[in-house]
Amino acid sequence: MSRVLLFTGKGGVGKTTLSAATAASLAAHGRKALVVSTDPAHSLGDALDVRLGAEPSEVDGSDGLFACQIDPRGLVDEAWGDLRGHLRTVLAGAGVDELDAEELTVLPGVEELLALAEVRRLASSGPWEVVVVDCGPTAETLRLLSLPEAFAGYLERLFPTHRRVVRGLLAGVAGTGTVEKWDATADALSRLAERLDALRSMLTDSSSCSVRLVLTPERVVAAETRRTLTALALQGIRVDSVIANRLVPSPGAARGAAASWLRTRRHEQDAVLAELTGIGEIRTVDHRASEPVGVSALLEVAEQLYGDSDPLPGATVSESLLEVSGSGRGLDARYSLRIALPLADDTELDLARVSDDLALTVDGRRRLVALPSLLRRCIVTGAEMDSGGVTVGFRPDPSLWR
């Protein structure tokens, strides 16, 4: 499978330009690269100064650079229509009103989910070494990246995973003599479940997929970037780079009103970047006098962004990790679970024990963390938070240690 780089950031920070520049640089370094847009407001073609369609095509004036803009509406019509029909039939056969069955099979986010599935298909079947994805703004991207897990949960609750159970359900609805008629539904559900599992595996595999966050040096944007880092780490998705775009050039020793304005603005931007401590190196790109459009201009942006280094590797900025430590033996033992997450001082955090899981809610985003087997027979004694994550204390539950 191709390496996948997902570019996102607050709307208007220049993620389309930087994703296109990265892909162009990869191709110039001898790697066959595909840059693809999943942003509903497609502007990738404008950045490359070419006309793009839903199928990848080589960009004129480049060597090994391909591009396309995914059409989610077309994917829905092609891939979701048949399954919706199967589900409507099953629900109607189970006694669900026809109108209700129609509404139940219109699932929010299916267009974005299929767009992400198309990215995976391109990465797994195409000749490209790298697939660079121009995603939508961060809010939409976080929702997009959480869809495979949420959608899989919906599917699991609606229909059991095991094919024989599904067949038994359908047989009970339709009568044992017509199981074959409903078998296509079970097949379609199985294929959808497999695609969702493959998507989740791709997103959380740090060796094949990572995110690059783009920001402009403004306090509002920087605050959103911090929250995004935490939310992605919570989902187990790796961020390998943070890029600060549109830094105003330093006027040096120049004098005059314009130079004074530039000096003040650059000082403010540097102060914002200095406050983004604890997230590793931040790459920077200067604000340019003219809009970078076309491969040549994009390569100039990439030269400042990456210099002579390879655009592909990136150091891990955030990654969700679990680490268990402890002391003592038997009922006197004390354990701690460290959950590594980049957290700001104003982060709102809530913890709750849910059976064998720890429900972790960070700034309104909830995730179940499966407890290691050692801690499943323990009770929570407390928790502490710092900028690097959360440490949860445990002690053995006497009722379970007999």
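Which residue in E12 stands opposite Arg 353? Leu 358 does. The model is predicted, so local features need pLDDT of at least 70 and side-chain atom pairs count only at pLDDT 80 or more, while totals for chains, interfaces and linings use all residues. Residues are numbered from 1 along each chain as its sequence is written, and side-chain values use heavy atoms, with hydrogens and water left out.

## Overall build

The protein chain holds eleven helices and 15 strands. Helices (H or I, at least four residues) and strands (E, at least two) are DSSP runs, numbered from the N terminus. Of the 402 residues in the chain, 46% are buried. Buried means under 20% relative accessible area, exposed means over 50%, and partly exposed lies in between (1.4 Å probe, protein chains only). Contact means heavy atoms within 4.5 Å. Among contacts between residues at least 6 apart in sequence, 69% join residues at least 24 apart.

## Sheet and hairpin

An open sheet of eight strands runs in the order E3-E4-E2-E5-E1-E6-E7-E8, with mixed pairing. Two strands pair if DSSP finds at least two bridges between them. Strand E3 (57–58) and E8 are at the edges; each has a single partner strand, so one side of each lacks a neighbour in the sheet. Inside this order, strand E1 (residues 3–9) pairs with strand E5 (residues 130–137) in the parallel sense, over six bridges. Leu 5 has Val 132 in E5 as its bridge partner.

The opening pair belongs to another unit. Strand E11 (residues 349–354) and strand E12 (residues 357–362) run antiparallel and are joined by six bridges. Their hairpin has two residues between the strands, and Ser 355 there takes a positive phi near 55°.

## Positive phi

Most residues other than glycine have a negative phi. Two further exceptions are Arg 246, with phi near 65°, and Asp 363, with phi near 50°. Arg 246 lies in strand E7. Asp 363 is found in the loop between E12 and strand E13 (365–370).

## Selected residues

The table gives location and relative accessible area.

| Residue | Location | Relative accessible area | State |
|---|---|---|---|
| Thr 38 | loop between E2 and H2 | 15% | buried |
| Asp 205 | loop between H8 and E6 | 31% | partly exposed |
| Arg 246 | strand E7 | 31% | partly exposed |
| Ile 339 | strand E10 | 2% | buried |
| Asp 363 | loop between E12 and E13 | 34% | partly exposed |

Thr 38 follows strand E2 (33–37) and precedes helix H2 (44–48). Why does Thr 38 count as buried? Its relative accessible area is 15%, and the cut-off for buried is under 20%. Leaving aside neighbours within four places in sequence, Thr 38 is in contact with Ile 70, Ala 115, Val 119, Val 133, Asp 134, Cys 135, Gly 136 and Leu 144.

Asp 205 sits between helix H8 (179–204) and strand E6 (209–215). Its side chain makes a polar contact of 2.6 Å with the side chain of Ser 207. A polar contact is a pair of N or O atoms within 3.5 Å; within protein, one must be able to donate a hydrogen and the other to accept it, and residues adjacent in sequence count only if both atoms are side-chain atoms. Ile 237 is 32 residues from Asp 205 along the chain, yet their C-alpha atoms are separated by 7.7 Å.

Ile 339 belongs to strand E10 (residues 334–340). Ile 339 and Leu 322 are 17 residues apart in sequence, with 4.9 Å from C-alpha to C-alpha.

## Cores

In soluble globular proteins, nonpolar side chains tend to be buried together. A nonpolar core is a set of buried Ala, Val, Leu, Ile, Met, Phe, Trp, Tyr and Cys residues joined through side-chain atoms within 4.5 Å. The largest core has 76 residues, and Leu 6, Leu 48 and Leu 65 touch the most other members. A second, separate core of 18 residues includes Ala 333, Leu 343, Leu 360 and Val 362. Beyond four places in sequence, the residues that Leu 65 touches include Ala 23, Val 35, Leu 48, Glu 58 and Val 295.

## Largest pocket

The largest pocket holds about 440 Å³ of space. Its lining has 25 residues; Gly 14, Thr 17, Arg 246, Glu 291 and Pro 292 are the closest to its centre. A pocket, on a 1 Å grid over the protein atoms alone, is an open set of points where a 1.4 Å probe fits, with protein on both sides within 12 Å along at least five of seven lines; lining residues have an atom within 4 Å of a point. Helix H1 (15–28), H2, strand E7 (239–247) and strand E8 (282–286) each supply at least two lining residues. H1 gives the largest share, four residues.

Technical notes: Points joined across faces, edges and corners; volume = space filled by probe spheres on them.
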